[in-house]
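User: I am new to this structure and would like a short introduction. Could you show it to me?

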Amino acid sequence: MTNEQLEVELKTLHDLLQIGGYDEQRAKSLARLAVTIGRLPMSVEVLCKQGRLCDIPGVGATTAALLSEYILTGTSQRRKIWEQRIPKGVLQLLAIPGIGVKTVRRLYQQWGIESVEALERAVRQGTLRGLDTRTTTTLRAHFVRQTRLQRPQETLSLFAEEAY
(Lines give C-alpha, C1' and ligand atoms only; values in the text may rest on other atoms or scores of the structure.)
Protein backbone atom coordinates (compact mmCIF):
# COMPACT_ATOMS: atom_id res chain seq x y z
CA MET A 1 0.00 0.00 0.00
CA THR A 2 1.41 3.38 -0.97
CA ASN A 3 1.54 6.35 1.36
CA GLU A 4 -1.14 8.05 -0.74
CA GLN A 5 -3.46 5.03 -0.52
CA LEU A 6 -2.97 4.82 3.23
CA GLU A 7 -3.65 8.54 3.51
CA VAL A 8 -7.00 8.06 1.73
CA GLU A 9 -7.88 5.07 3.93
CA LEU A 10 -7.15 6.98 7.13
CA LYS A 11 -9.17 9.99 5.96
CA THR A 12 -12.09 7.69 5.18
CA LEU A 13 -11.83 6.07 8.61
CA HIS A 14 -11.76 9.54 10.14
CA ASP A 15 -14.94 10.47 8.25
CA LEU A 16 -16.70 7.27 9.33
CA LEU A 17 -15.77 7.85 12.96
CA GLN A 18 -16.81 11.51 12.90
CA ILE A 19 -20.16 10.79 11.25
CA GLY A 20 -20.81 7.89 13.59
CA GLY A 21 -20.38 10.02 16.69
CA TYR A 22 -16.93 8.86 17.79
CA ASP A 23 -14.97 11.28 19.97
CA GLU A 24 -14.09 14.20 17.70
CA GLN A 25 -10.57 14.82 19.03
CA ARG A 26 -9.58 11.16 18.74
CA ALA A 27 -10.95 11.00 15.19
CA LYS A 28 -9.07 14.19 14.27
CA SER A 29 -5.81 12.51 15.23
CA LEU A 30 -6.40 10.10 12.32
CA ALA A 31 -6.90 13.01 9.92
CA ARG A 32 -3.64 14.58 11.12
CA LEU A 33 -1.87 11.24 10.78
CA ALA A 34 -3.22 10.87 7.24
CA VAL A 35 -1.65 14.19 6.26
CA THR A 36 1.63 13.22 7.94
CA ILE A 37 1.74 9.92 6.07
CA GLY A 38 0.94 11.61 2.78
CA ARG A 39 3.98 13.85 3.27
CA LEU A 40 6.45 11.19 4.43
CA PRO A 41 9.53 10.95 2.26
CA MET A 42 9.85 7.22 2.99
CA SER A 43 7.40 4.44 2.13
CA VAL A 44 5.19 3.37 5.05
CA GLU A 45 5.45 -0.19 3.78
CA VAL A 46 9.21 -0.06 4.17
CA LEU A 47 8.86 1.39 7.67
CA CYS A 48 6.39 -1.38 8.51
CA LYS A 49 8.76 -4.12 7.25
CA GLN A 50 11.55 -2.57 9.30
CA GLY A 51 9.34 -2.39 12.40
CA ARG A 52 9.74 1.39 12.50
CA LEU A 53 6.14 2.65 12.29
CA CYS A 54 6.52 4.24 15.74
CA ASP A 55 9.18 6.50 14.19
CA ILE A 56 6.36 8.37 12.45
CA PRO A 57 5.40 11.45 14.51
CA GLY A 58 2.24 10.81 16.52
CA VAL A 59 2.33 7.02 16.12
CA GLY A 60 2.32 4.83 19.20
CA ALA A 61 1.86 1.10 19.57
CA THR A 62 -1.91 1.11 18.99
CA THR A 63 -1.71 3.30 15.91
CA ALA A 64 1.23 1.29 14.59
CA ALA A 65 -0.93 -1.83 14.85
CA LEU A 66 -3.71 -0.09 12.91
CA LEU A 67 -1.27 1.02 10.21
CA SER A 68 0.22 -2.47 9.98
CA GLU A 69 -3.23 -3.95 9.56
CA TYR A 70 -3.97 -1.53 6.70
CA ILE A 71 -0.63 -2.19 5.04
CA LEU A 72 -0.95 -5.98 5.28
CA THR A 73 -4.67 -6.37 4.47
CA GLY A 74 -5.73 -3.16 2.72
CA THR A 75 -8.34 -2.45 5.40
CA SER A 76 -8.90 -2.72 9.16
CA GLN A 77 -11.36 -4.32 11.55
CA ARG A 78 -12.09 -0.86 12.92
CA ARG A 79 -13.13 0.38 9.49
CA LYS A 80 -15.28 -2.70 8.86
CA ILE A 81 -17.12 -2.16 12.15
CA TRP A 82 -17.83 1.50 11.38
CA GLU A 83 -18.82 0.74 7.78
CA GLN A 84 -21.53 -1.55 9.19
CA ARG A 85 -22.83 1.27 11.38
CA ILE A 86 -22.83 3.99 8.71
CA PRO A 87 -24.72 3.44 5.42
CA LYS A 88 -22.52 3.80 2.31
CA GLY A 89 -24.64 6.61 0.94
CA VAL A 90 -23.78 8.81 3.90
CA LEU A 91 -20.11 9.02 2.87
CA GLN A 92 -21.22 10.01 -0.63
CA LEU A 93 -22.66 13.21 0.85
CA LEU A 94 -19.07 14.38 1.37
CA ALA A 95 -18.68 14.66 -2.42
CA ILE A 96 -21.07 17.63 -2.44
CA PRO A 97 -18.93 20.78 -2.69
CA GLY A 98 -19.06 22.91 0.45
CA ILE A 99 -20.37 20.11 2.69
CA GLY A 100 -17.98 18.81 5.32
CA VAL A 101 -17.91 15.92 7.70
CA LYS A 102 -19.57 17.84 10.56
CA THR A 103 -22.52 18.80 8.36
CA VAL A 104 -22.83 15.23 7.09
CA ARG A 105 -22.73 14.00 10.69
CA ARG A 106 -25.58 16.35 11.59
CA LEU A 107 -27.61 15.47 8.48
CA TYR A 108 -27.27 11.78 9.30
CA GLN A 109 -27.77 11.94 13.06
CA GLN A 110 -30.43 14.66 13.26
CA TRP A 111 -32.47 14.04 10.11
CA GLY A 112 -31.55 10.46 9.19
CA ILE A 113 -30.23 11.48 5.75
CA GLU A 114 -28.53 8.38 4.32
CA SER A 115 -28.06 9.26 0.64
CA VAL A 116 -27.72 12.10 -1.84
CA GLU A 117 -31.24 11.33 -3.08
CA ALA A 118 -32.67 11.58 0.45
CA LEU A 119 -30.85 14.88 0.95
CA GLU A 120 -32.18 16.28 -2.31
CA ARG A 121 -35.73 15.30 -1.27
CA ALA A 122 -35.28 16.95 2.13
CA VAL A 123 -33.95 20.14 0.53
CA ARG A 124 -36.83 20.26 -1.96
CA GLN A 125 -39.41 19.66 0.76
CA GLY A 126 -37.83 22.11 3.18
CA THR A 127 -37.61 19.57 6.01
CA LEU A 128 -34.14 20.52 7.20
CA ARG A 129 -35.36 23.05 9.74
CA GLY A 130 -32.53 24.40 11.85
CA LEU A 131 -29.81 23.89 9.24
CA ASP A 132 -27.83 27.11 8.82
CA THR A 133 -28.69 29.36 5.89
CA ARG A 134 -25.28 29.09 4.23
CA THR A 135 -25.46 25.30 4.11
CA THR A 136 -29.05 25.33 2.89
CA THR A 137 -28.09 27.77 0.12
CA THR A 138 -25.09 25.63 -0.83
CA LEU A 139 -27.27 22.53 -1.06
CA ARG A 140 -29.95 24.27 -3.12
CA ALA A 141 -27.35 25.61 -5.54
CA HIS A 142 -25.75 22.17 -5.84
CA PHE A 143 -29.01 20.42 -6.68
CA VAL A 144 -29.99 23.14 -9.15
CA ARG A 145 -26.63 22.68 -10.91
CA GLN A 146 -27.09 18.91 -10.95
CA THR A 147 -30.55 19.26 -12.44
CA ARG A 148 -29.30 21.63 -15.11
CA LEU A 149 -26.57 19.16 -16.05
CA GLN A 150 -28.98 16.22 -16.18
CA ARG A 151 -32.08 17.81 -17.67
CA PRO A 152 -31.30 21.26 -19.03
CA GLN A 153 -34.31 23.49 -19.64
CA GLU A 154 -37.44 21.48 -18.98
CA THR A 155 -36.94 20.93 -15.23
CA LEU A 156 -35.51 24.21 -14.03
CA SER A 157 -38.92 25.35 -12.88
CA LEU A 158 -38.95 22.47 -10.38
CA PHE A 159 -36.18 24.21 -8.51
CA ALA A 160 -37.62 27.70 -8.46
CA GLU A 161 -36.86 29.48 -5.20
CA GLU A 162 -40.45 29.09 -3.98
CA ALA A 163 -40.15 25.30 -4.29
CA TYR A 164 -37.85 25.41 -1.29
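**Contacts, helix packing and core**

User: Which residues does arginine 79 touch, leaving out those up to four places away in sequence?
Analyst: Arginine 79 touches Glu9, Thr12, Leu13, Leu16 and Tyr70, where contact means heavy atoms within 4.5 Å. This is a predicted model, in which local features need pLDDT of at least 70 and side-chain atom pairs count only at pLDDT 80 or more, while totals for chains, interfaces and linings use all residues. Residues are numbered from 1 along each chain as its sequence is written, and side-chain values use heavy atoms, without hydrogens and water.

User: Is arginine 79 buried or exposed?
Analyst: Arginine 79 counts as buried because its relative accessibility is 13% (buried is under 20% relative accessible area, exposed over 50%, partly exposed in between, with a 1.4 Å probe and protein chains only).

User: And where is it found?
Analyst: Arginine 79 lies in helix H5, residues 77-85; helices are DSSP runs of H or I with at least four residues, numbered from the N terminus.

User: New topic: at what angle do H1 and H4 pack?
Analyst: Helix H1 (residues 3-20) and helix H4 (residues 61-73) pack at about 120 degrees, and their axes are 11 Å apart. Axes are lines fitted to C-alpha atoms over the stretch in contact, with angles from 0 to 180 degrees between N-to-C directions.

User: Which residues make that contact?
Analyst: H1 contributes Leu6, Glu9, Leu10 and Leu13, and H4 contributes Leu66, Leu67, Tyr70 and Ile71.

User: What does leucine 119 touch?
Analyst: Not counting residues up to four places away in sequence, leucine 119 touches Leu93, Ile96, Leu107, Ile113, Leu128, Leu139 and Phe143.

Technical notes:
Helix = DSSP H or I, 4+ residues; strand = E, 2+ residues; numbered from the N terminus.
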